[in-house]
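Below are some comments on the model you sent, set out as numbered points. Please read them with the structure open beside the text.

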Amino acid sequence: MKIAVISDIHSNLYALRQVLKEIGKLDIICCGDLVGYNPFPNEVVEMVRELEIPCVLGNHDHATITGNTTWFNPYAARAIEWTRSELSEENMEFLKTLPMVYEDMVYMVHGSPENQLEEYVFPDYPERILNRFFDYTEKDIMILGHTHVPFSLKIDNRLIFNPGAVGQPRDGNPMASFAVLDTGLKEVEFKRVEYDIDKVAREITEKGLPEFLAHRLYQGR
Ligand code: ZN
C-alpha cells in the first residue's frame with residue numbers, strides 16, 4: 001500500500017496546497033508541526049482537520065498550546081506568540097488532541113522515540129542509535145520529522161525516514177518536500193513541489209512576522 005507522508009507544514013498554506021495537489025488520492029499522515037513560522041495557522045489546521053489527516057504533536061504545536069518558548073530562537077518565539085494570538089479556539093483545541101506518537105502500519109513521532117518533541121535526528125546520526133529507536137516499537141517502519149531535512153535509511157528489514165518539510169525546507173532546496181511510502185516494499189520516494197513563495201513572503205511582511213522567516217523560505221535553509 002502506498003501512502004503519502006508529510007511533516008512540518010508550519011502554517012504554510014500555499015506549500016500545503018501544492019503538495020496536496022501532487023498527492024492526489026493517496027491517504028496521508030503527518031509528522032507534526034502544523035503551525036509556527038508562517039502566516040496561515042488557521043487555514044492549515046482547518047485543512048488537516050477537514051481531510052482527517054492523522055497527525056502527531058510537534059514542538060511548535062506544543063509551544064503554541066503552552067506559550068512556553070524557552071528553547072526557541074527569537075524568530076520562532078515571535079511566530080509562536082503571533083500564532084497564539086491568531087489561532088481560533090476550535091483550532092487550538094484541535095492541537096491539544098494531537099498524540100505524541102502514532103502507531104498503525106508505521107511508528108511516527110516528531111523528534112525521536114527517546115525525546116518525542118525535541119531530539120533532532122539528522123541524516124548523519126549514528127546507525128546504532130537509529131537501530132536502538134526500534135526498541136520502542138514492534139513496527140519496522142519509523143517516521144521522524146523536526147529537522148526539515150529529508151533522509152532515509154534501511155537497516156536490515158527496517159526503514160527509518162524523514163519526509164522533509166512541507167512549509168520550511170532546510171536542505172538547501174526551497175521546494176516543498178514530502179514522501180510516498182510503500183508500506184509493503186518498505187521503500188520511500190522523496191518528492192519536491194514548487195509553490196508560490198512570493199505570496200507567503202508578502203503575507204509574512206504584512207502580518208508583521210520577522211522578515212528573516214521570509215528570506216529563509218527562498219533559501220531553503
Ligand atoms: Zn518543524
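**Comments on the predicted model**

1. The buried residues of helix α3 pack against α4 (74-86) and α5 (89-96). The model is a predicted one, and this packing is a convenient place to start reading it. Within α3, which spans residues 59-66, the buried positions are Asn-59, His-60, Asp-61, Ala-63 and Thr-64. Just after the helix, Gly-67 adopts a positive phi of about 80°.

2. Asn-59 deserves a separate comment. This residue belongs to helix α3 and counts as buried because its relative accessible area is 6%, which falls under the 20% limit. Apart from neighbours within four places in sequence, Asn-59 is in contact with Asp-33, Phe-72, His-110, Leu-117, Glu-118 and His-146. Its C-alpha atom is separated by 16 Å from that of Asn-91, which lies 32 residues away along the chain.

3. Which residues supply the protein donors of the zinc ion? They are Asp-8 (OD), His-10 (NE2), Asp-33 (OD) and His-148 (NE2), and these donors lie 2.0 to 2.4 Å from the ion. Along the sequence the donor residues follow the spacing D-x1-H-x22-D-x114-H. Both Asp-8 and His-10 are buried, and Asp-33 also appears among the contacts of Asn-59.

4. The geometry at the zinc ion should be described with care. The four donor atoms subtend angles of 87 to 177° around the zinc ion, and the arrangement is therefore irregular. A tetrahedral label would require all angles to lie between 85 and 135 degrees, and the upper end of the range here is 177°. Water is not among the atoms, so the site may look incomplete.

5. The cysteines can be read against the distance rule, under which a disulfide needs two cysteine sulfur atoms within 2.5 Å. By this rule the model contains zero disulfides. For Cys-30, which is in no disulfide, the nearest cysteine sulfur is that of Cys-55, at 3.4 Å. Cys-31 is likewise in no disulfide, and the nearest cysteine sulfur to it, that of Cys-30, is 7.2 Å away. Cys-30 counts as buried because its relative accessibility is 0%, and Cys-31 counts as buried because its relative accessibility is 0%.

6. The largest nonpolar core has 48 residues, and those with the most contacts inside it are Ile-6, Ile-9, Val-19 and Leu-34. Helix α1 (residues 13-23) contributes the largest share of this core, namely six residues. A second, separate core of 14 residues includes Ile-3, Met-108, Ile-141 and Leu-181. Leaving aside neighbours within four places in sequence, Ile-9 is in contact with several residues, including Leu-16, Cys-30, Asp-33, Leu-34 and Val-166.

7. Strand β7 (residues 158-162) is mostly covered, with four of its five residues buried. Strand β5 (residues 141-144) runs parallel to β7 and is joined to it by three bridges, and Leu-159 in β7 is the bridge partner of Ile-141. Strand β6 (residues 151-155) pairs with β7 in the antiparallel sense over five bridges, and here Leu-153 stands opposite Ile-160 of β7. Two residues lie between β6 and β7 in the hairpin that they form, and Asp-156 in the turn has a positive phi of about 55°.

Key:
Residues numbered from 1 in each chain as written. Predicted model: local features only at pLDDT ≥ 70, side-chain atom pairs only at ≥ 80, totals over all residues. Heavy atoms only, no water. Buried < 20%, exposed > 50% of the residue type's maximum accessible area, 1.4 Å probe, protein only. Contact = heavy atoms within 4.5 Å. Donors = N, O, S within 2.8 Å, 3.2 Å for Na, K, Ca; no water. Tetrahedral: all angles 85-135°; square planar, octahedral: opposite > 155°, others 65-115°. Pairing = 2+ DSSP bridges. Core = buried A, V, L, I, M, F, W, Y, C linked by side-chain atoms within 4.5 Å.
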